[in-house]
Amino acid sequence: MQDLVGLSREQLTNILTEMGEKPFRTKQLWQWIYNKGEHDFSKMSSLSKAMQEKMAENFIVSRPEVIVEKNSTDGTRKWLFRFADGQQVETVYIPEEDRGAVCLSTQVGCLMGCKFCHTGTQKMLRNLTAGEIVGQFMAARDSYGEWPTPANETRFLSNVVVMGMGEPLMNYDNMVQAMRILMDGEGIALSKRRITVSTCGIADKIPDLATDLGVKLAISLHAPNNTIRNQIMPINKKYPLEVLIKACHEYQARLPHRQYITMEYVLLKDINDSIQNAKELIELVKGLEVKFNLIPFNPWNGCAFEPSSNNQIHRFAKVLEDAYLAAPIRLSRGQDIMAACGQLKSAMQKKDALS
Ligand code: SAH
Ligand code: SF4
């Protein structure tokens with residue numbers, strides 16, 4: 001049985017044409033799957049009975065299976081999802097004032113090995129397919145009962161951040177196909193301004209994000225110079241800061257509108273949190289339109305780093321703000337449900353190993 005979730009419109013049209021169906025059926029089926037959230041062909045009432053039956057014999061409209069769902073006291077909801085081959089990833093919903101973002105994973109594990117990141121300790125098992133990336137969003141929507149996609153903006157699940165497990169630009173084609181499905185106006189219809197892709201710095205793919213998708217970009221920067229970045233992020237040896245920053249300029253140059261880049265910066269005590277480091281950052285991003293996101297380090301067992309003190313984080317922020325750079329300090333969300341990337345999955349595996 002072939003899964004229809006994750007196919008591009010073109011691929012879906014080809015399948016239907018082969019079955020002898022007319023092209024307008026693509027639009028109908030697309031709306032059932034992505035606008036109404038329907039996965040039962042027999043309920044797709046605008047399709048003929050014969051087509052419903054033929055579809056049900058050959059295809060499915062899948063969802064990942066929910067292994068764990070946890071609700072944090074701060075409103076964060078986190079799922080551990082399992083796909084057909086048994087592989088699992090995490091997805092998180094993070095509420096904000098009048099809307100919220102779903103944080104999607106793109107790989108099972110991650111090869112990048114950033115020293116402060118829990119996912120970096122997990123074996124890289126495989127890329128997710130476009131369907132599995134979109135499927136996380138659809139399952140999150142099931143969970144909040146937000147089908148059909150409301151035309152207004154009152155929905156909870158209004159934004160997507162590709163910041164879960166894995167490095168999205170190392171699974172570029174599937175990630176792009178998934179985002180195009182999420183943005184399709186006759187389905188889930190997220191605007192490109194409501195999607196942010198976060199990367200540790202795969203510089204040669206960054207400009208393409210502007211041309212292929214036009215979505216927002218976040219860079220996991222985490223260091224003001226190559227010496228520190230080499231220590232905590234191995235990818236920096238392949239794409240050092242000067243190459244990364246050049247790619248950021250190119251991304252901005254390719255967009256028709258002025259779009260700031262979010263620079264994510266996890267503060268690690270005595271590693272990257274000095275006043276001098278903040279000053280270096282100001283120099284580093286000169287000429288780029290950026291906003292910083294200062295993130296308190298979320299410690300995990302077996303990691304040698306410690307979080308910076310609140311005082312130090314505020315001093316660091318002040319230096320950036322004095323240079324007219326936005327530098328909000330992000331609250332750690334969902335602490336009580338292990339919302340830090342990769343933690344829930346590892347905890348579940350440990351539990352399985354013990355039982
Ligand atoms: N691979 C992509 C997206 C997933 S990581 C990337 O690296 O950008 C999502 C964000 O969580 C990144 O900014 C990452 O640096 C940050 N992060 C990872 N481990 C963390 C931890 N222990 N505490 C706080 N933030 C962490
Ligand atoms: Fe991978 Fe991102 Fe974690 Fe680095 S921070 S190991 S790129 S998931």
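**Exercise 1. Determine which residues Q28 touches, leaving aside its neighbours within four places in sequence, and place Q28 in the fold.**

Solution. Take contact to mean heavy atoms within 4.5 Å; leaving aside neighbours within four places in sequence, Q28 is then in contact with S46 and L47. Next, locate the residue: Q28 sits in helix α2, residues 24-35, where helices (H or I, at least four residues) and strands (E, at least two) are DSSP runs numbered from the N terminus. Finally, Q28 counts as buried because its relative accessible area is 18%, given that buried means under 20% relative accessible area, exposed over 50%, and partly exposed in between (1.4 Å probe, protein chains only).

This is a predicted model, in which local features need pLDDT of at least 70 and side-chain atom pairs count only at pLDDT 80 or more, while totals for chains, interfaces and linings use all residues. Residues are numbered from 1 along each chain as its sequence is written, chains are lettered from A and ligands numbered from 1 in the order in which they are written, and side-chain values use heavy atoms, with hydrogens and water left out.

**Exercise 2. Describe the surroundings of L104, and state whether L104 is buried or exposed.**

Solution. Begin with the position, which is the loop between β6 (100-103) and β7 (107-108). The relative accessible area of L104 is 0%, so the residue is buried. Then list the contacts beyond four places in sequence, among them T91, I133, F137, V161, M179 and L182. For V161, which is 57 residues away along the chain, the separation of the C-alpha atoms from L104 is 6.4 Å.

**Exercise 3. Work out which way the residues of β10 point, and how β10 pairs with β9.**

Solution. Strand β10 spans residues 195-199, and five of its five residues are buried. Sorting them by direction, I195, V197 and T199 point one way, whereas T196 and S198 point the other way. Two strands pair if DSSP finds at least two bridges between them; β9 (residues 157-162) and β10 pair in the parallel sense over three bridges. In this arrangement V162 stands opposite V197 of β10.

**Exercise 4. Compare the loop residues P234, A189 and D270 by location and accessibility.**

Solution. P234 belongs to the loop between α7 (226-232) and α8 (235-238), and its relative accessible area of 30% makes it partly exposed. Not counting residues up to four places away in sequence, P234 touches M112, G113, C114 and K115. A189, in the loop between α5 (172-183) and β10, has a positive phi of about 60° although it is not a glycine, and is partly exposed at 31% relative accessible area. D270 likewise has a positive phi of about 60° without being a glycine; it lies in the loop between β12 (261-267) and α10 (275-284) and is exposed, with a relative accessible area of 66%.

**Exercise 5. Identify the geometry of the peptide bond from W147 to P148, and locate P148.**

Solution. With omega near -10°, the bond from W147 to P148 is cis. P148 itself lies in the loop between α4 (130-144) and β9.

**Exercise 6. Summarise the secondary structure and burial of the whole chain.**

Solution. First count the elements: the chain has twelve helices and 13 strands. Then consider burial, which applies to 55% of the 355 residues. Lastly, of the contacts between residues at least 6 apart in sequence, 66% join residues at least 24 apart.
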